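I opened my notebook for this one with two topics in mind: the ligand and the domains. Here is the structure I worked from.

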Amino acid sequence: MSQTPILQFERVSKRFGATVAVDDVSVDIAPGEFFALLGPSGCGKTTLMRMAAGFEQPDEGRVLIDGADATDAPPHRRPVNMMFQSYALFPHMSVADNIAFGLKAAGFSREALAARVSEMVRLAQLQGLEKRKPHQLSGGQKQRTALARSLARGTKLLLLDEPLGALDRKLREETQFELMDIQKRLGAAFVVVTHDQDEAMSMADRIAVMRAGKIEQVGAPADIYERPRSRYVAEFIGEINIFAGRASRAGEMLRIEAQDGEIEAPARDGVGDGAPLACAVRPERIRFAPAGEEGANRLAGVVHDVAYRGDHRVFRVRLKSGALARVAAPSALPAPQPGEAATLVFDTAACVVLDA
Ligand code: ATP
C-alpha cells in the first residue's frame, strides 16, 4: 500500500468576487517530498498554500492533512507550519530560545525541551551558534534557525512562500543547496511557492506548474523540462524553440510543414492529416550541421548573435520566416560566426509534439 499523502487538495476552488484564484485543483503531496508550486504572478500559488495553512477556506473541495480532513480546521489546529520570507525570528532571543519558543507554548518539560532544542540544533547544523542573536548570523544560518523553529514540534509539513526571494543571486544558489540538504535531514515535506523556474527545477522533487488557477502539469523537474504537455509549460520552463505547422502521418513519424522547413517528429495518437501542431525543441538539442551533411530536420538560417556563457554559447539564428531560433552549443565546439550562414539540425527524438 502506498503512503498516506501528507497533503491532499481534492477538487479545491477558491473565488474572490469575480476572480477565480484556484480552479478545481487536485494534487497529492507525499511525506518528505520537496514540492514546488510554480507559476506567474496571480496564478493562484499563494492562495493554494494559504488554504493548506488554513488562512483561507476553499469555496469547494477538501484539504486533507496526513489523511484527515482539515478543510474547516483553523490554522493553529493544523499540523502545518508556514515560514515567511522574513523568517520572523525574535531579534532579542538567542538561536536556542528562538527554537525553544514554540515548544514552551506546547508545554514541554524542561528536560524534554532541552533535548529537543539540542536535536534541532544538530539537525539544522547550528552547533556552536546556540547563544547568538539573529543579527550575529549569516543569511543561511538565520534561515536554518527559522526552519528549526518551525519544525521543532515535529511538524511534518512546512509551507514556504518564496523562501529565497530576498536573497541576491549568488547567495540564492548556495542557499538552495542548504535548503535541500536541511529538508532531507529534517524529513519534513516542504511545499515551496516560487515564480523562479530555476529555483524550482534545482530544489524540488516535483513541480506543479500553475496557470490561471489550475495546475497545468505536475512532475519531476526533468519530466516537465523534457516532456512538457503544453506550449505554456514548454515556454514557461527554460528556453525552447517552437516550430508550428500542418501535420501529416508519415509511417512511424509525423511530418510537420513548418514555415522554416519540414520537420520529422515522433508520432502521436489521434492526429488527423492537416492538423495544426507544433514541434518544440530545446536549444541544447540543436546543433550546427557540417556542410554537405544530409538528413531530416534541417533548417537553414544566418547567425544573428552569440552570447558567451562560459561552458556553452547561445546562438540566435535568423530563419527563413524571420523567427530567431536558439542553439546552445558547448563552447569548445567549432561554430559559425554572426553573419554567416548555418544549418541547424536536431534528432526526431528531440522534438516534443504539442498542440499549436
Ligand atoms: P504572486 O506570485 O504575485 O504572489 P500568486 O500566484 O501567489 O501570485 P495569488 O496571490 O494566489 O497568486 O492570487 C490569485 C488571484 O487571486 C489573483 O488574481 C489575485 O489578485 C486574487 N486574490 C488573491 N487574494 C485575494 C483577496 N484576498 N481578495 C481578492 N482577490 C485576491
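The entries below go through the ligand surroundings and then the domain pair.

**Entry 1: the model.** I noted at the outset that this is a predicted model.

**Entry 2: who surrounds the ligand?** I began by listing the residues around the ligand. They are Phe 16, Thr 19 and Ala 21, followed by the run Pro 40, Ser 41, Gly 42, Cys 43, Gly 44, Lys 45, Thr 46 and Thr 47. Sorting this shell by character, I got six polar residues, four nonpolar ones and one charged. The charged class includes Lys, so Lys 45 from my list fits that single charged place.

**Entry 3: which side chains offer polar atoms to the ligand?** I looked up three side chains, those of Ser 41, Thr 46 and Thr 47. For Thr 46, a polar side-chain atom sits 2.4 Å from an oxygen atom of the ligand. For Thr 47, an N or O atom of the side chain is 2.5 Å from a ligand oxygen. Ser 41 places a polar side-chain atom 2.6 Å from an oxygen atom of the ligand. I then checked the cover: on its own the ligand has 630 Å² of accessible area, and the protein covers 58% of that.

**Entry 4: which elements build the shell?** Two elements give two or more residues each, namely strand S2 (19-29) and helix H1 (45-53). H1 makes the largest contribution, with three residues.

**Entry 5: the domains.** Next I turned to the domain assignment of the protein chain, which gives domain 1 as 7-234 and domain 2 as 239-355. Taken over C-alpha atoms, their centres are 39 Å apart. Eight residues of domain 1 and ten residues of domain 2 take part in the contact.

**Entry 6: how much area do the domains bury?** Between them, domain 1 and domain 2 bury about 760 Å², with 52% of it on carbon and sulfur atoms. On the domain 1 side, I wrote down Tyr 225, Arg 231 and Ala 234, which supply 70% of the area that domain 1 buries against domain 2, more than any other three residues.

Key: Residues numbered from 1 in each chain as written. Predicted model: local features only at pLDDT ≥ 70, side-chain atom pairs only at ≥ 80, totals over all residues. Heavy atoms only, no water. Near = heavy atom within 4 Å. Polar contact = N/O pair within 3.5 Å; in protein donor to acceptor, adjacent residues only side chain to side chain. Areas by Shrake-Rupley, 256 points an atom, 1.4 Å probe, with all protein chains shown as cover. Helix = DSSP H or I, 4+ residues; strand = E, 2+ residues; numbered from the N terminus. Domains from an automatic or database assignment. Contact = heavy atoms within 4.5 Å. Buried area = accessible area lost by both parts, 1.4 Å probe.
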